[in-house]
Amino acid sequence: MGRCDARRILVTGASSGIGEATARALAAEGAKVGLLARRGEVLETLADDLDGVAVAADVTDAQATRTAVDTAAERLGGLDGLVNAAGLVRPGRVATTDPSDWRTMLEVNVLGLLHATQAVIDHLRVAGRGDVVNVSSMSGRRLQTPEMGVYGATKAAVHTLSEGLRRELGPDRIRVSVIAPGLVDTPIFEGLADPVATRLRDAAPRAGLSAQEVAQAIVEVVAAPEHLMHVEVALLSLDQS
């Protein structure tokens with residue numbers, strides 16, 4: 001028997017990186033997984049592998065996200081967990097960055113998380129328990145470089161929002177946890193020409209965590225005894241300077 005048997009958990013950003021690794025790790029522990037991301041074909045392939053449910057949507061679209069969450073709940077027979085793993089980065093200094101990059105990060109990293117969380121709350125209340133696990137970053141607590149300032153601000157918002165949600169949803173027996181990893185070897189920096197993105201992309205395979213290691217931390221949070229809540233889990237590779 002797996003540690004997450006009978007759990008029905010939706011993962012955003014499930015088409016790659018931490019989201020995909022989390023979906024795989026949860027399924028390996030017996031959970032029924034819903035997979036939400038923009039790339040429908042990729043999701044369908046993963047859903048076939050995991051016997052899961054694929055619901056394609058852009059988390060920046062509130063209505064599309066709500067429809068996807070409701071569809072996943074219907075097909076899974078309910079939901080009692082959400083992992084908000086959708087996120088992106090656009091490095092750059094405030095003085096020189098195109099403000100459209102700020103908007104993109106805010107819409108995905110903050111509003112996208114809020115859209116998915118708001119859409120899932122009623123389903124968790126019906127279940128009588130639940131988990132909301134928000135994937136943040138060490139950058140939300142401890143900024144390493146000014147080029148990551150706006151990204152770090154969006155992740156700091158995840159920490160603060162999670163604290164508010166924890167107080168709001170605690171009476172419903174819904175746990176709210178934050179996972180804050182350091183550098184992780186994922187595709188998040190792919191396609192970005194910024195020198196900081198290039199440096200971090202090159203460093204991640206040798207100095208960062210793997211997506212699977214972060215996923216295992218998320219499994220520990222979800223599989224914890226019902227009375228125990230992980231408020232925040234910060235993890236960092238010893239190889240990261």
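In this predicted model, helix 4 and helix 5 meet along a set of side chains that includes Trp102, Met105, Leu106, Leu113 and Ile121 from helix 4, and Tyr151, Val158, Leu161 and Leu169 from helix 5. Asn109, Thr117 and Arg125 also take part from helix 4, as do Thr154 and Lys155 from helix 5. By class, the residues of this contact are 14 nonpolar, 3 polar and 2 charged.

Two packed helices are described by the angle between their axes and the distance between the axes. Helix 4 covers residues 99–127 and helix 5 covers residues 149–169; their axes come within 9 Å and cross at roughly 15°. Angles under 35 degrees count as roughly parallel, so helix 4 is roughly parallel to helix 5. The crossing of these two helices is right-handed.

Helix 1 and helix 2 form another such pair. Their axes come within 10 Å and cross at roughly 20°, which makes helix 1 roughly parallel to helix 2. The crossing of helix 1 and helix 2 is right-handed. In this contact, Glu20, Ala23, Arg24 and Ala27 of helix 1 meet Leu46, Asp49 and Leu50 of helix 2. The contact of helix 1 with helix 2 has 4 nonpolar and 3 charged residues, and no polar ones.

The next topic is the nonpolar interior. The largest nonpolar core has 36 residues, and those with the most contacts inside it are Leu26, Leu35, Val83, Ile179, Val214 and Ile218. Several elements supply at least two residues each to this core, among them helix 1 (17–28), helix 2 (40–50), strand 1 (8–12), strand 2 (32–37) and strand 5 (130–135). Helix 7 (211–223) and strand 9 (232–235) also belong to that group. Helix 7 gives the most, with 8 residues.

Leu35 shows what the surroundings of one core residue look like. Leaving aside residues up to four places away in sequence, Leu35 touches Leu10, Val11, Ala14, Ala23, Leu43, Leu46, Ala47, Val53, Ala54 and Val55. Ala23 and Leu46 also appear in the contact between helix 1 and helix 2. A second, separate core has 24 residues, including Ala68, Leu79, Ala119 and Ile174.

A charged residue completes the picture. Asp131 lies in strand 5. Buried means under 20% relative accessible area; Asp131 has 2%, so this aspartate is buried. Outside the residues up to four places away in sequence, Asp131 touches Arg7, Asp80, Gly81, Leu82, Leu124, Arg175, Val221 and Val222.

Technical notes. Residues numbered from 1 in each chain as written. Predicted model: local features only at pLDDT ≥ 70, side-chain atom pairs only at ≥ 80, totals over all residues. Heavy atoms only, no water. Core = buried A, V, L, I, M, F, W, Y, C linked by side-chain atoms within 4.5 Å. Buried < 20%, exposed > 50% of the residue type's maximum accessible area, 1.4 Å probe, protein only. Helix = DSSP H or I, 4+ residues; strand = E, 2+ residues; numbered from the N terminus. Contact = heavy atoms within 4.5 Å. Axes fitted to C-alpha atoms, helices over the stretch in contact; angles between N-to-C directions. Parallel < 35°, antiparallel > 145°, perpendicular 65-115°, else oblique. Left-handed = near helix turned anticlockwise from the far one by under 90°. Nonpolar A, V, L, I, M, F, W, Y, C, P; charged D, E, K, R; others polar.
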